[in-house]
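Below are my comments on the model you sent, set out as numbered points. Please read them with the structure open beside you.

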Amino acid sequence: MFEFIPKKFWRFYAVGFFTSAICWLLYEGLYRLHISESFREAAAWAVSYSLTSVLAHYLHFRLTFDSRRPYWPSMWRTLLVYGTSMVCSSITDHLLVEHMHHRLAWAVNMSGFGLINFFVLRYYAYHEVLPKWFRARRQREEDAGHPTPD
């Protein structure tokens, strides 16, 4: 039924589910600690997300992606992606909790940014080979005399 979805995508979400569970536990603990009175939910989100980003990198490096980069160069790129994602998702989390329960906002945020992160991590942080359909399109454009910039 889901044969068209690459196994790598399923591994990404399996690792993501595990690290999200850890992130959720940290979030709940930090939320109860009131680490920020003004931004209680967003602060708990930002700290828990930051801490689990290192774990996520290690697991994705070992289990999910066929990285063409060594561990440490992929680590700083991953943390750059996760850092950018954390800032953007912290803002959206803060906005979402004004309209929905903070736990629902957490799930919406995690799902949306997880999908975006998959593609950005795959090609930027881990530098995997671009998909066949993309390489074929690029080749057709170059053959037609319309080179695409790298």
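**Notes on the predicted model**

1. The largest pocket is a good place to begin: its lining is made up of 22 residues, and those nearest its centre are Gly-16, Phe-17, Thr-19, Ser-20 and Met-110. Please keep in mind throughout that this is a predicted model.

2. The space within the largest pocket comes to about 430 Å³. Helix α1 (7-33) gives the largest share of the lining, with nine residues, while α1, α2 and α4 each contribute at least two. Sorted by class, the lining holds 13 nonpolar and nine polar residues, and no charged ones.

3. As to the overall fold, the protein consists of five helices and zero strands, so that the order of elements from the N terminus reads α-α-α-α-α. Of the 150 residues in the protein, 39% are buried. Among contacts with a separation of 6 or more, 66% join residues that are 24 or more positions apart.

4. Helix α3 deserves a check of its length. With 26 residues (71-96) at 1.5 Å a residue, α3 should span 38 Å, and because its end C-alpha atoms lie 35 Å apart, the expected and computed values agree.

5. Which residues of α3 are buried? They are Tyr-71, Ser-74, Met-75, Arg-77, Thr-78, Val-81, Tyr-82, Ser-85, Met-86, Ser-89, Ser-90 and Asp-93. An α-helix has 3.6 residues a turn, so residues three or four places apart point the same way. The buried residues of α3 pack against two other helices, α2 (40-64) and α4 (102-125).

6. The cysteines may interest you at the bench. A search of the whole structure returns zero disulfides. Cys-23 has a relative accessible area of 1% and is therefore buried, since that value is under 20%. Cys-88, by contrast, has a relative accessibility of 37% and so counts as partly exposed, a class that runs between the 20% and 50% cut-offs.

7. Is Ala-21 buried or partly exposed? This residue, which lies in helix α1, has a relative accessible area of 37% and is therefore partly exposed. Its C-alpha atom is separated by 9.7 Å from that of Thr-52, although the two residues are 31 residues apart along the chain.

Notes. Residues are numbered from 1 along each chain as its sequence is written. This is a predicted model: local features need pLDDT of at least 70, side-chain atom pairs count only at pLDDT 80 or more; totals for chains, interfaces and linings use all residues. Side-chain values use heavy atoms; hydrogens and water are left out. Helices (H or I, at least four residues) and strands (E, at least two) are DSSP runs, numbered from the N terminus. The expected span of a helix is 1.5 Å times one less than its number of residues. Buried means under 20% relative accessible area, exposed over 50%, partly exposed in between (1.4 Å probe, protein chains only). Contact means heavy atoms within 4.5 Å. On a 1 Å grid over the protein atoms alone, a cavity is a set of points where a 1.4 Å probe fits but cannot get out, and a pocket is an open set with protein on both sides within 12 Å along at least five of seven lines; lining residues have an atom within 4 Å of a point. Grid points are joined across faces, edges and corners, and a volume is the space filled by probe spheres set on the points. Ala, Val, Leu, Ile, Met, Phe, Trp, Tyr, Cys and Pro count as nonpolar, Asp, Glu, Lys and Arg as charged, and the others, Gly among them, as polar. A disulfide is a pair of cysteine sulfur atoms within 2.5 Å.
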